[in-house]
Amino acid sequence: MSEQTYLTTEELAARIKYDSRTIRDRLKDSVLLEGRHYFRPFGGRKTLYIWEHIQKDMLMYSNESSVGIPLANGGTIHG
């Protein structure tokens, strides 16, 4: 298994420029999934995020969304 970078909520917030409250209240369990993006070591309350998985998925989804929707006049809408 390759080495992974584990981040606290505050450390993740600093890296992705989000408020830590937004990560806990809006992203966790909807976009960031337990077992893929984060885990709770030793069954405790503390949450550690796996940076490499988050980074990979952020890039994957940002590339998909940059495709856009083609318009009749030849333009593209990004929404």
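In the predicted model, the accessible surface of the protein amounts to about 6,100 Å². Carbon and sulfur atoms contribute 54% of this surface. Of the 79 residues in the protein, 27% are buried.

The fold is built from three helices and five strands. Read from the N terminus, these elements follow the order β-α-α-β-β-α-β-β. Strand E1 covers residues 6–7, and helix H1 spans residues 9–16. Helix H2 occupies residues 20–27, and strand E2 consists of residues 38–39. Strand E3 runs over residues 48–50, whereas helix H3 extends over residues 51–65. Among the contacts in the protein with a separation of 6 or more, 34% join residues 24 or more positions apart.

The largest pocket has a volume of about 300 Å³. Its lining comprises 12 residues, and Val31, Leu32, Asp57, Met58 and Tyr61 are the ones that lie nearest the centre. Two elements, helices H1 and H3, each give two or more residues to this lining. The greatest contribution is that of H3, which supplies five residues. In terms of residue class, the lining of the largest pocket contains nine nonpolar residues, two polar residues and one charged residue.

Asp57, one of the residues nearest the centre of the largest pocket, belongs to helix H3. Its relative accessible area is 11%, and Asp57 is therefore classed as buried, the limit being under 20%. The side chain of Asp57 forms a polar contact with that of Arg36, at 3.0 Å. When neighbours within four places in sequence are left aside, Asp57 is in contact with Arg36 and His37. Arg36 thus appears both in the list of contacts of Asp57 and as the partner in the polar contact between side chains.

Tyr38 is located in strand E2. With a relative accessible area of 0%, Tyr38 is buried. The side chain of Tyr38 makes a polar contact with the side chain of Asp29, at 2.3 Å. Apart from neighbours within four places in sequence, the residues in contact with Tyr38 are Lys28, Asp29, Leu32, Leu33, Thr47, Leu48 and Tyr49. Of these partners, Leu32 is also among the residues nearest the centre of the largest pocket, and Leu48 and Tyr49 fall within strand E3, residues 48–50. The C-alpha atoms of Tyr38 and Trp51 are 8.8 Å apart, with these positions 13 residues apart along the chain as the sequence separation.

Thr8 is situated in the loop between strand E1 and helix H1. The relative accessible area of Thr8 is 18%, so this residue counts as buried under the limit of 20%. Residues up to four places away in sequence not being counted, Thr8 touches Lys46, Thr47, Leu48 and Tyr49. Thr47, Leu48 and Tyr49 also feature among the contacts of Tyr38.

Arg15 lies in helix H1. At 41% relative accessibility, Arg15 is classed as partly exposed, because this value falls between the limits of 20% and 50%. Beyond residues up to four places away in sequence, Arg15 touches Thr5, Leu7 and Trp51. Leu7 is part of strand E1, residues 6–7, and Trp51 is part of helix H3, residues 51–65. The C-alpha atoms of Arg15 and Gln55 are separated by 9.9 Å, although these residues are 40 residues apart along the chain.

Backbone geometry was also examined in the loops. Lys17 is not a glycine, yet its phi is positive, at about 60°. This residue is placed in the loop between helices H1 and H2. Lys17 has a relative accessibility of 70% and therefore counts as exposed, the criterion being over 50%. Phe42 likewise has a positive phi of about 60° without being a glycine. The position of Phe42 is in the loop between strands E2 and E3. Phe42 is exposed, with a relative accessibility of 87%.

Conventions: Residues numbered from 1 in each chain as written. Predicted model: local features only at pLDDT ≥ 70, side-chain atom pairs only at ≥ 80, totals over all residues. Heavy atoms only, no water. Helix = DSSP H or I, 4+ residues; strand = E, 2+ residues; numbered from the N terminus. Buried < 20%, exposed > 50% of the residue type's maximum accessible area, 1.4 Å probe, protein only. Contact = heavy atoms within 4.5 Å. Areas by Shrake-Rupley, 256 points an atom, 1.4 Å probe, with all protein chains shown as cover. 1 Å grid on protein atoms, 1.4 Å probe; cavity = no way out; pocket = protein on both sides within 12 Å on 5 of 7 lines; lining within 4 Å. Points joined across faces, edges and corners; volume = space filled by probe spheres on them. Nonpolar A, V, L, I, M, F, W, Y, C, P; charged D, E, K, R; others polar. Polar contact = N/O pair within 3.5 Å; in protein donor to acceptor, adjacent residues only side chain to side chain.
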